[in-house]
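Here are my notes on the model, written as numbered points. Have the sequence and the 3D view open while you read.

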Amino acid sequence: MTSVEIKVLVFGATGRTGRLILKHLMTASTPTTVYKVTAVARNPSALNDHPDVQNSNLTVIKGCLNDEEQIKTLVSLHNIVIFAAGLGLLDGQRPNEFYSRSAKWIYQSINEAQKSNPNQPKIKFVCITSLGLNNDPERMNRLYKWTLKIWLQPCYDDMAIMEKTFLNNNDDVNYIFVRPAYLNDRIPDKELRVDMDGKPPLDEVNGLGRQLNRNVLAKFIVNDCVASDKYDRNVLGVTY
Ligand SMILES: NC(=O)c1ccc[n+]([C@@H]2O[C@H](COP(=O)([O-])OP(=O)(O)OC[C@H]3O[C@@H](n4cnc5c(N)ncnc54)[C@H](OP(=O)(O)O)[C@@H]3O)[C@@H](O)[C@H]2O)c1
């Protein structure tokens with residue numbers, strides 16, 4: 001049986017969600033589809049203790065999201081680009097262009113690659129942003145609204161530009177933005193809910209979703225966004 005090779009690039013691979021995305025990618029291959037993964041790390045040795053570091057389907061390379069030329073070259077050589085990188089709480093409170101600049105370079109690279117090789121499969125961008133981008137007051141926890149939402153607004157403003165770079169584009173550039181709620185690894189795995197308008201899910205049984213853990217998010221990214229096209233060209237709000 002012949003198998004198709006899908007090349008996946010992961011930015012933020014050393015992060016808490018990124019490491020789990022690598023784990024789920026390593027078990028996602030089937031007899032017909034093999035995922036060949038490139039993990040980008042500013043410090044590759046940070047992945048030395050990853051359980052899959054010896055897996056022949058995983059390659060770790062040194063790279064940084066500040067390097068335009070490197071980003072563009074890497075993106076053009078892959079089929080799926082996952083963005084799980086992020087600024088910490090401190091840097092997220094200062095005005096920055098971390099997300100918008102990365103998005104601009106990634107978008108340009110995908111667009112140029114697709115235009116120069118129209119017969120090649122399209123490249124898909126799967127990106128984690130945040131439910132902090134939701135501005136619907138009906139779907140906002142009050143404590144959050146007056147604390148983290150204000151402190152991290154510079155980060156959310158830049159993430160909004162990141163999403164806009166891709167949204168409704170006319171270049172046939174495929175994307176999925178996944179906006180998670182607060183990531184809390186102390187809570188057990190359970191099924192997540194998805195809101196197709198990028199808002200915190202709300203229903204009569206479970207109320208307003210506020211959090212989920214990183215393993216469930218990583219599994220969703222791999223099984224429902226990488227290995228499936230059902231959410232293509234959507235912005236999703238995800239919580240328990
Ligand atoms: N934490 C939350 O509650 C929460 C809620 C909603 C959304 N999010 C978003 O979810 C995503 C993942 O969160 P997380 O908590 O798993 O992240 P994390 O553990 O803080 O990891 C962040 C990752 O980004 C990488 N990174 C930072 N600057 C970089 C640069 N210039 N070049 C390349 N890589 C760089 C880090 O690399 P190094 O290892 O080299 O530092 C690390 O791999 C982030 O986009 C975050 O904004 C988080």
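**Notes on the fold**

1. Let's begin with a helix pair: H3 and helix H6 (residues 153-166) have axes that come within 7 Å and cross at roughly 15 degrees. Angles under 35 degrees count as roughly parallel, so that makes H3 roughly parallel to H6. The crossing of H3 and H6 is right-handed. Keep in mind throughout that this is a predicted model.

2. Now the sheet. It is open, has 8 strands, and its pairing is mixed; reading across, the order is E3-E2-E1-E4-E5-E6-E12-E8. Which strands stand at the edges? They are E3 (58-62) and E8 (193-195): each has a single partner strand, so one side of each lacks a neighbour in the sheet. From one strand to the next, the twist averages 20 degrees.

3. Strand E1 (residues 4-11) pairs with E4 in the parallel sense, over 4 bridges. E1 also pairs with E2 (residues 33-41), again in the parallel sense, and there the count is 8 bridges. If you want landmarks to click on, Val10 has Ile82 in E4 as its bridge partner, while Val8 has Val37 in E2.

4. Strand E4 (residues 80-83) is worth a look of its own. Are its side chains buried or exposed? Ile80 and Ile82 point one way from the strand, Val81 and Phe83 point the other way, and all are buried. For burial, the cut-off is under 20% relative accessible area.

5. On to the link between E4 and E5. Strand E5 (residues 124-128) runs parallel to E4, and 4 bridges join the two. Phe83 stands opposite Cys127 in E5. To get from E4 to E5 the chain goes through helix H3 (residues 98-116), and this β-α-β crossover is right-handed. That is the H3 from point 1, the one whose axis comes within 7 Å of the H6 axis.

6. How many residues of helix H7 are buried? H7 (residues 214-226) is mostly covered, with 11 of its 13 residues buried. Among the buried ones are the hydrophobic-looking names you might expect to check, including Val216, Leu217, Phe220, Ile221 and Val222, but Arg214, Asn215 and Asp224 are on the list as well. At the start of H7, a side-chain oxygen of Asn213 reaches to within 3.2 Å of the backbone nitrogen of Asn215.

7. H7 also packs against helix H1 (residues 16-26). Their axes are 8 Å apart and the packing angle is about 50 degrees, which makes H1 oblique to H7. H1 passes H7 in a right-handed crossing.

8. Two residues in the loop between H6 and E6 deserve a check of their backbone angles. Asn168 lies in that loop, ahead of strand E6 (174-180), and its phi is near 55 degrees, a positive value in a residue other than glycine. Asp172 is found in the loop between H6 and E6 too, and has a positive phi of about 60 degrees although it is not a glycine. How exposed are they? Asn168 counts as exposed because its relative accessible area is 64%, and the cut-off for that is over 50%. Asp172, at 44%, is partly exposed.

9. Gly63 sits in the loop between E3 and helix H2 (68-76). Its relative accessibility is 8%, so Gly63 counts as buried. Where is it relative to Phe11? The two are 52 residues apart along the chain, and their C-alpha atoms are separated by 8.8 Å.

10. Last, Lys145, which lies in helix H4 (residues 142-145). Lys145 is partly exposed, with a relative accessible area of 29%. Measure it up against Asn57 in the viewer: the pair are 88 residues apart in sequence, and C-alpha to C-alpha they are 43 Å apart in space.

Methods: Residues numbered from 1 in each chain as written. Predicted model: local features only at pLDDT ≥ 70, side-chain atom pairs only at ≥ 80, totals over all residues. Heavy atoms only, no water. Buried < 20%, exposed > 50% of the residue type's maximum accessible area, 1.4 Å probe, protein only. Polar contact = N/O pair within 3.5 Å; in protein donor to acceptor, adjacent residues only side chain to side chain. Pairing = 2+ DSSP bridges. Right-handed = clockwise from strand over helix to strand, strands pointing away. Axes fitted to C-alpha atoms, helices over the stretch in contact; angles between N-to-C directions. Parallel < 35°, antiparallel > 145°, perpendicular 65-115°, else oblique. Left-handed = near helix turned anticlockwise from the far one by under 90°.
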